[in-house]
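Student: I should like to learn how the features of a protein model are read, one at a time. May we take the general idea before each case?

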Amino acid sequence: MAIAAIGQLCSTASMSHNLALCQVLVKKAVEAGAKALFLPEATDYIASTPSESLSLAHPMESSPFVLGLRNSAKESNLAINVGIHVPAPSGKMYNRSCWINEKGEIEAYYDKLHLFDYGALRESNSVEGGKSIGMPVETVVGRVGLMICFDVKISLAHKRQNAQILTYPSAFTVPTGKAHWETLLKARAIETQAYVIAAAQIGAHNEKRTSYGHSMVVDPWGKVLLDMTGEGSEAEIGVVDVDLAYWEKIKQEMPLLRRTDVYSEI
């Protein structure tokens, strides 16, 4: 078994402020004995307008936020999964989930495929959708398949090749969070027989945007192992044991034999 820490925080438009919060969570994760820390979508910043968000985006290799987290990962011997923004060639940006290993190296990343256009929040105005789903990455806590937030609603995107953990770093709105969050995460865990780890933003980021919180971990049987409170906006962690022997037991006792002769596997 490996201990995973799940971070919940309220990012603002200040990357230095958000990095400082993350460094506090890194310290708490290390003190809890965790091997990896999972942080929310858009941890680097959440801006008030699309234009402000575009102006804040940095290449992953030179972002002060990413460089700061890479240094924290290396110093703490702690792997970190974090949601960031990076410029896209189109003039928009990518909403990216980045895996930083315990050596401080960027080992894998995934750009969000399915964008959130609901009500006044139109992600596609400033974000370019990703183009591919990579293979799961081997990590200190197991094989991790990287996804992001609204991807959780598109079930065909989640049949990852033998992933032991699926991640959904998120910044769910309060209305959709209350209606769909737990149900969707449990469904993805059950249909893939994987641990689902969903670190979430919480609270009011600015006058226009508030996130639901309730960072959650669901096991391969669909049992909720962690549900962090949706009250307040303090940065905090929760911890869970990722038991890969239990994952293997679930896979063996109830094999899901997909009819790939009829439909293709993703």
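**Reading the features of a predicted model**

Tutor: Gln193 is situated in the loop that links α4 and β11. Please keep in mind throughout that this is a predicted model.

Student: What is the phi of Gln193 near?

Tutor: The general idea is that most residues other than glycine have a negative phi. In this structure, Gln193 has a phi near 55°, a positive value in a residue that is not glycine.

Student: Is Gln193 buried or exposed?

Tutor: Gln193 counts as buried, because its relative accessibility is 3% and the cut-off for that class is under 20%.

Student: Which residue in the loop between α3 and β3 may I take up next?

Tutor: Consider Asn77, which lies in that loop, between α3 (64-76) and β3 (79-87). The phi of Asn77 is near 55°, again a positive value in a residue other than glycine.

Student: Is Asn77 buried or exposed?

Tutor: Asn77 is exposed, because its relative accessible area is 54% and exposed residues are those over 50%.

Student: Let us turn to the interior. Which residues have the most contacts inside the largest nonpolar core?

Tutor: In soluble globular proteins, nonpolar side chains tend to be buried together. Here the largest nonpolar core has 41 residues, and those with the most contacts inside it are Ile6, Phe38, Trp99, Val141, Tyr168, Trp181 and Leu185. At least two residues of this core come from each of β1 (2-8), β2 (36-38), β9 (142-146), β10 (165-167), α4 (174-192), β11 (195-198), β14 (216-218) and β16 (236-242). A second core, separate from that one, has 33 residues, including Ala73, Val86, Tyr94 and Val127.

Student: Which residues does Val141 touch?

Tutor: When residues up to four places away in sequence are not counted, Val141 touches Ala2, Ile3, Lys35, Ala36, Phe38, Trp99, Ile165, Val242 and Leu244.

Student: How should I read a pair of helices? At roughly what angle do the axes of α1 and α3 cross?

Tutor: The axes of α1 (residues 15-31) and α3 cross at roughly 15° and come within 10 Å. That makes α1 roughly parallel to α3, since angles under 35 degrees are placed in that class. The crossing of these two helices, α1 and α3, is right-handed.

Student: Which residues of α1 and α3 meet?

Tutor: On the α1 side they are Met15, Asn18, Leu19, Cys22, Gln23, Val26 and Val30, and these meet Pro64, Phe65, Gly68, Leu69, Ser72 and Ser76 in α3. By class, the residues of the contact of α1 with α3 are eight nonpolar, five polar and no charged.

Student: I should also like to compare separation along the chain with separation in space. How far apart are the C-alpha atoms of Ser155 and Thr192?

Tutor: The C-alpha atoms of Ser155 and Thr192 are separated by 9.5 Å, with the two positions 37 residues apart along the chain. Ser155 is found in the loop between β9 and β10, and at 25% relative accessibility it counts as partly exposed. Thr192 belongs to helix α4 and is buried, with a relative accessible area of 9%.

Student: Which residues is Ser155 in contact with, leaving aside its neighbours within four places in sequence?

Tutor: Ser155 is in contact with Arg188 and Glu191. Glu191 lies in helix α4 and counts as buried, at 19% relative accessibility. Glu191 and Pro220 are 29 residues apart along the chain, and their C-alpha atoms are separated by 8.6 Å.

Student: How far apart in space are Thr192 and Asn125?

Tutor: Thr192 and Asn125 are 32 Å apart, C-alpha to C-alpha, and 67 residues apart in sequence. Pro136 and Leu69 are likewise 67 residues apart along the chain, but the separation of their C-alpha atoms is 22 Å. Pro136 is found in the loop between β7 (121-122) and β8 (137-139), where it is buried, with a relative accessible area of 15%.

Key. Residues numbered from 1 in each chain as written. Predicted model: local features only at pLDDT ≥ 70, side-chain atom pairs only at ≥ 80, totals over all residues. Heavy atoms only, no water. Core = buried A, V, L, I, M, F, W, Y, C linked by side-chain atoms within 4.5 Å. Buried < 20%, exposed > 50% of the residue type's maximum accessible area, 1.4 Å probe, protein only. Helix = DSSP H or I, 4+ residues; strand = E, 2+ residues; numbered from the N terminus. Contact = heavy atoms within 4.5 Å. Axes fitted to C-alpha atoms, helices over the stretch in contact; angles between N-to-C directions. Parallel < 35°, antiparallel > 145°, perpendicular 65-115°, else oblique. Left-handed = near helix turned anticlockwise from the far one by under 90°. Nonpolar A, V, L, I, M, F, W, Y, C, P; charged D, E, K, R; others polar.
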